[in-house]
Amino acid sequence: MRYTEAELKRIQDKRAGKEIIPLEDEEYDIIVKHLNDLGFVYTHIPMETFTRYWKVKNRNKEIGVKSGFPDYVIIIPYWWVGKRHNVLLFAEIKRRKKSLSNTSTAQKEWIHNLRSCNELAEIFYGADELINYIDALRT
């Protein structure tokens with residue numbers, strides 16, 4: 001099995017007893033398990049649309065793909081938040097260690113615009129922040 005340089009570094013760090021900061025994909029796995037356990041309706045927006053192919057780039061632009069949209073749209077049930085209606089939560093997920101994460105201008109703009117529509121929209125550093133946020137919404 002061949003490893004990338006990043007994977008080798010993570011293996012070496014783990015063996016050396018250093019703290020391993022999960023990758024965003026690893027955080028996603030934790031989030032999905034938690035949301036499934038709660039029975040919430042959600043979707044992940046796969047905006048990892050990097051491609052070298054101009055045809056794909058142009059088609060994405062034609063159909064309205066916009067960068068920066070939050071990673072998850074989660075429907076928080078009315079019974080969880082103690083309201084008469086469900087609540088939407090837009091969640092942008094970053095790595096736990098802030099120095100390893102960059103929030104783009106487009107991501108900040110999406111969060112700002114969603115909040116201006118009275119929606120819950122947040123940037124979370126790690127799955128634990130999102131899970132704690134959802135738990136805090138419970139009445």
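Here, two residues touch, or are in contact, when they have heavy atoms within 4.5 Å of each other. Keep that in mind for the views below, which come from a predicted model.

**View 1. The whole chain, before we zoom in.** Let's start with the parts list: the protein has 6 helices and 4 strands. Walking from the N terminus, you meet them in the order α-α-β-α-β-α-β-α-β-α. Of the 139 residues, 32% are buried. Take the contacts between residues at least 6 apart in sequence: 62% of them join residues at least 24 apart. How confident is the predictor? The average pLDDT is 88, and 87% of the residues score at least 70. Strand β2 (residues 72-76) has the highest confidence, at 98, while helix α1 (residues 5-15) has the lowest, at a mean of 66. As a rule of thumb, where pLDDT is low, the predicted coordinates should not be read in detail.

**View 2. The sheet of four strands.** The 4 strands form an open sheet in the order β1-β2-β3-β4, and their pairing is mixed. Which strands stand at the edges? They are β1 (41-44) and β4 (120-125); each has a single partner strand, so one side of each is left without a neighbour in the sheet. From one strand to the next, the twist averages 20°. Now look at the pairs. Strands β2 and β3 (residues 87-94) run antiparallel and are joined by 5 bridges, and here I75 stands opposite L88 in β3. On the other hand, β3 and β4 pair in the parallel sense, over 6 bridges, and A91 stands opposite E122 in β4.

**View 3. From β3 to β4 by way of a helix.** How do you get from β3 to β4? Along the way comes helix α5 (residues 105-116), and β3, α5 and β4 together make a right-handed β-α-β unit. Pause at N118, in the loop between α5 and β4. Most residues other than glycine have a negative phi. N118, though, has a positive phi near 65°. Is N118 buried or exposed? N118 has a relative accessible area of 74%, so it counts as exposed, for which the cut-off is over 50%.

**View 4. Helix α6 and its buried face.** Helix α6 (residues 127-137) packs on the sheet, where it touches β2, β3 and β4, and its direction makes about 140° with that of β4. Which residues of α6 are buried? They are A127, L130, I131 and I134. Seen down the axis of α6, the buried residues fall within an arc of 95°, so they line one face of the helix. What do they pack against? Their partners are α2, β2, α4 (78-81), β3 and β4. Turn to the other side of α6 and you find N132 and A136, which are exposed.

**View 5. L89 and the residues around it.** L89 sits in strand β3. With a relative accessibility of 0%, L89 is buried. Not counting residues up to four places away in sequence, L89 touches Y72, V73, I74, I76, L120, A121, F124, L130, Y133 and I134. One of these, A121, is 32 residues away along the chain, yet the C-alpha atoms of L89 and A121 are separated by 5.7 Å. You have already met L130 and I134, among the buried residues of α6.

**View 6. Two glutamates in helix α2.** Helix α2 (residues 24-38) also packs on the sheet: it touches β1, β2 and β3, and its direction makes about 155° with that of β3. Our two residues, E24 and E27, are both found in this helix. How do their surroundings compare? E27 is buried, at a relative accessible area of 0%, whereas E24 is partly exposed, at 26%. Leaving out residues up to four places away in sequence, E27 touches P22, I93, R96, G126 and A127. With that limit, E24 touches D71, I93, K94 and R95. I93 appears in both lists. E24 and R95 are 71 residues apart along the chain, but their C-alpha atoms are separated by 5.6 Å.

Conventions
Residues numbered from 1 in each chain as written. Predicted model: local features only at pLDDT ≥ 70, side-chain atom pairs only at ≥ 80, totals over all residues. Heavy atoms only, no water. pLDDT = per-residue confidence, 0-100. Pairing = 2+ DSSP bridges. Axes fitted to C-alpha atoms, helices over the stretch in contact; angles between N-to-C directions. Buried < 20%, exposed > 50% of the residue type's maximum accessible area, 1.4 Å probe, protein only. Arc of directions from axis to C-beta. Right-handed = clockwise from strand over helix to strand, strands pointing away.
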